[in-house]
Amino acid sequence: MSMINYASREINCKVVYYGSGLGGKTTNLEHVFTKVAPDQRGKMVSLATETERTLFFDFLPVDLGTVRGFKTRFHLYTVPG
Amino acid sequence: MSGAGTWSIAEEDHRKITEHLGALLKESQAHGALVVDRAGQLLANVGDELKFDPTTFASLTAADFSANDQLAKMIGEPEFGSLFHQGEKESMYLADVARRVILVVLFDQRTTVGLVRLKVKQTVNDLTKVFDDMFGRAGQPGQQKQAKLLEGAEDEIDKLFGD
């Protein structure tokens, strides 16, 4: 899904990772986090249990730059599992 | 704005929203107000410069509200229309708007939760009208502009990931 804000000239797209438990959803997000330049990503938020299993969700905003004058950002989420 | 989870906010609507938020800050003496959609996207922000990442804040706000909605159902309430988080210096008051977006008010000791709650009620009514109008226009001819932009954006994103 996406949301376009004409006033602030922003496009925000939400991408959700879905898959079996212990399948690597959080690991995938962590890999993206390490590969994207710090100035193009926000802070990775991980709401996990003490055993590192995702309790709520993981979240990582990634900045893609400007598309036709609109600042474009991907919001990457994982689901619990 | 259109269905299937994709929607847009026009400049005129954004202007109306920020005007209502500005009036709220003036009357309540709070220092910040944000509007976040239920999917965790920041729609508008008025007040002092934020000292945190607004994108992450919006995402956690939506999660907070969703979790509390489920808590409400567990105790037999259809929903919690508002939430209050009290800190030592900074506090926040969250209110549902039209079951579509969340109004977040950030305030400190310069005001009281009572005043903020009182003023938020009027702002929620004002914002409900704005969002009802916005969603009422969904699917009308003006949305063709958005479809064209999305088409162009898809091409650009394809190019970005092309190599």
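In strand E3 of chain B, the residue that Val35(B) has as its bridge partner is Ala44(B), and this belongs to a set of five bridges by which E2(B) and E3(B), running antiparallel, are joined; two strands are said to pair here if DSSP finds at least two bridges between them, and the elements themselves are DSSP runs numbered from the N terminus, helices being H or I with at least four residues and strands being E with at least two. I should say at once that this is a predicted model, in which local features need pLDDT of at least 70 and side-chain atom pairs count only at pLDDT 80 or more, while totals for chains, interfaces and linings use all residues. Residues are numbered from 1 along each chain as its sequence is written, chains are lettered from A and ligands numbered from 1 in the order in which they are written, and side-chain values use heavy atoms, with hydrogens and water left out.

Between E2(B) and E3(B) there are four residues, forming a hairpin, and Gly40(B) in its turn has a positive phi of about 95 degrees. On the other side of the pairing list, E2(B), residues 32–37, runs antiparallel to E6(B), residues 101–107, with six bridges joining them, and Asp37(B) has Val101(B) as its bridge partner. Further along, E4(B), residues 82–85, pairs in the antiparallel sense with E5(B), residues 91–97, over four bridges, Phe84(B) being partnered by Tyr93(B), and a hairpin of five residues joins the two strands.

Put together, these make an open sheet of five strands in chain B, in the order E3-E2-E6-E5-E4, with antiparallel pairing. E3(B) and E4(B) stand at the edges with a single partner strand each, so one side of each is left without a neighbour in the sheet.

What lies across this sheet? It is H3(B), which lies across E2, E3, E4, E5 and E6 of chain B and runs at about 30 degrees to E5(B); angles run from 0 to 180 degrees between N-to-C directions, and axes are lines fitted to C-alpha atoms, for helices over the stretch in contact, where contact means heavy atoms within 4.5 Å.

H3(B), residues 113–136, also packs with H1(B), residues 11–28, at an angle of about 170 degrees and with the axes 9 Å apart. That makes H1(B) roughly antiparallel to H3(B), a label applied to angles over 145 degrees. Among the residues that meet are Ile17(B), Leu21(B) and Leu24(B) from H1(B), and Val120(B), Leu127(B) and Phe131(B) from H3(B).

Turning to the second sheet, six strands form an open sheet in the order E3(A)-E4(A)-E5(A)-E2(A)-E1(A)-E1(B), with mixed pairing. The edges are E3(A), residues 45–48, and E1(B), residues 7–9, each with a single partner strand, so one side of each is left without a neighbour in the sheet. E3(A) pairs with E4(A), residues 54–67, in the antiparallel sense over three bridges, and Ser46(A) has Asp58(A) as its bridge partner. H2(B) packs on this sheet, touching E3, E4 and E5 of chain A, and its direction makes about 145 degrees with that of E4(A).

Finally, H2(B) itself: its 21 residues, 54–74, should span 30 Å at 1.5 Å a residue, and the end C-alpha atoms are 30 Å apart, which agrees, the expected span being 1.5 Å times one less than the number of residues. At its start, a side-chain oxygen of Asp53(B) reaches to within 3.2 Å of the backbone nitrogen of Thr55(B), and after the helix comes Gly76(B), whose phi is positive, near 90 degrees.

How values were computed: A polar contact is a pair of N or O atoms within 3.5 Å; within protein, one must be able to donate a hydrogen and the other to accept it, and residues adjacent in sequence count only if both atoms are side-chain atoms. Angles under 35 degrees count as roughly parallel, over 145 as roughly antiparallel, 65 to 115 as roughly perpendicular and the rest as oblique.
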